[in-house]
Amino acid sequence: MADPMKIRASLKGDVAEIRVLMSHPMENGQRKDSAGNTIPHHFIQQIWVTVAGKAVIRGQTGIAVSRNPVFGFKVKGVKAGDEVVIKWRDNKGETREDKTTVS
């Protein structure tokens, strides 16, 4: 199981600035280990974000994203105390979901 995501959601007016660090190896399938064997693909494929129960982002990533990626975005119409839920699924079927509240 992957480490918990680090999520920060702060309110400025009615806009939430959300930043998330996703702990994940994000292997592109082109590197080799110390024995010279190719390290297989292992990367986040899909990301979902909901705020106060409403889907605000549904996205896809690929092998070009670096290890432990950081994503940031702004969402309008948010208020303090709204719950932010971020979930990802990788190409091996592993998933992670974490939550925070807007402050």
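Strands here are DSSP runs of E at least two residues long, numbered from the N terminus, while helices are H or I runs of at least four.

**Figure 1. The whole chain, a predicted model built from strands.** This is a predicted model, and its secondary structure comes to seven strands and zero helices. Read from the N terminus, the order is simply β-β-β-β-β-β-β. The C-alpha atoms fill a box of roughly 55 × 20 × 20 Å along the principal axes. Of the 103 residues, 34% are buried. Among contacts with a separation of 6 or more, 57% join residues 24 or more positions apart. On the outside, the protein exposes about 6300 Å², with carbon and sulfur atoms supplying 47% of that area. As for charge, there are 17 positive and 11 negative side chains, and the centres of the two sets sit 4 Å apart.

**Figure 2. The largest nonpolar core.** This view takes in 21 residues, and those with the most contacts inside the core include Met 5, Ile 18, Met 22 and Ile 47. Val 84, Ile 86 and Trp 88 are also on that list. Strands β1 (6-12), β2, β3, β5 (70-76) and β6 (83-90) each give two or more residues to the core. The largest share is from β3, which puts in four residues.

**Figure 3. Val 84 and what it touches.** Val 84 is one of the core residues with the most contacts inside the core. Leaving out residues up to four places away in sequence, Val 84 touches Ala 9, Ile 18, Thr 50 and Val 51, among others. Later in the chain, the list of residues touched by Val 84 also takes in Asp 98, Lys 99, Thr 100 and Val 102.

**Figure 4. Glu 27, an acidic residue tucked into a loop.** Glu 27 belongs to the loop between β2 (15-21) and β3 (44-51). Its relative accessible area is 9%, so Glu 27 is classed as buried, the cut-off being under 20%. The side chains of Glu 27 and Arg 31 make a polar contact of 2.7 Å. Beyond its neighbours within four places in sequence, Glu 27 is in contact with Ile 39, Pro 40, His 41, His 42 and Phe 43, and also with Ile 63 and Arg 67.

**Figure 5. Asp 90 in strand β6.** How much of Asp 90 is accessible, in relative terms? The value is 2%, so Asp 90 is buried. The Asp 90 side chain makes a polar contact of 3.0 Å with the side chain of His 24. The Asp 90 side chain also reaches the backbone nitrogen of Lys 92, at 2.9 Å. Along the chain, Asp 90 and Ile 44 are 46 residues apart, yet their C-alpha atoms are separated by 3.9 Å. Not counting residues up to four places away in sequence, Asp 90 touches His 24, His 42, Phe 43, Ile 44 and Gln 45. His 42 and Phe 43 also turn up in the contacts of Glu 27 from the previous view.

**Figure 6. Gly 77, out in the open.** Gly 77 lies in the loop between β5 and β6. With a relative accessible area of 62%, Gly 77 is exposed, since that label applies over 50%. Where is Ser 66 relative to Gly 77, in sequence and in space? The two residues are eleven apart in sequence, and C-alpha to C-alpha they are 31 Å apart.

Note on methods:
Residues are numbered from 1 along each chain as its sequence is written. This is a predicted model: local features need pLDDT of at least 70, side-chain atom pairs count only at pLDDT 80 or more; totals for chains, interfaces and linings use all residues. Side-chain values use heavy atoms; hydrogens and water are left out. Buried means under 20% relative accessible area, exposed over 50%, partly exposed in between (1.4 Å probe, protein chains only). Contact means heavy atoms within 4.5 Å. Accessible areas come from the Shrake-Rupley method with a 1.4 Å probe; for residues, only the protein chains shown count as cover. Lys and Arg count as positive and Asp and Glu as negative; His and the chain ends are not counted. The place of a charge is taken as NZ of Lys, CZ of Arg, CG of Asp or CD of Glu. A polar contact is a pair of N or O atoms within 3.5 Å; within protein, one must be able to donate a hydrogen and the other to accept it, and residues adjacent in sequence count only if both atoms are side-chain atoms. A nonpolar core is a set of buried Ala, Val, Leu, Ile, Met, Phe, Trp, Tyr and Cys residues joined through side-chain atoms within 4.5 Å.
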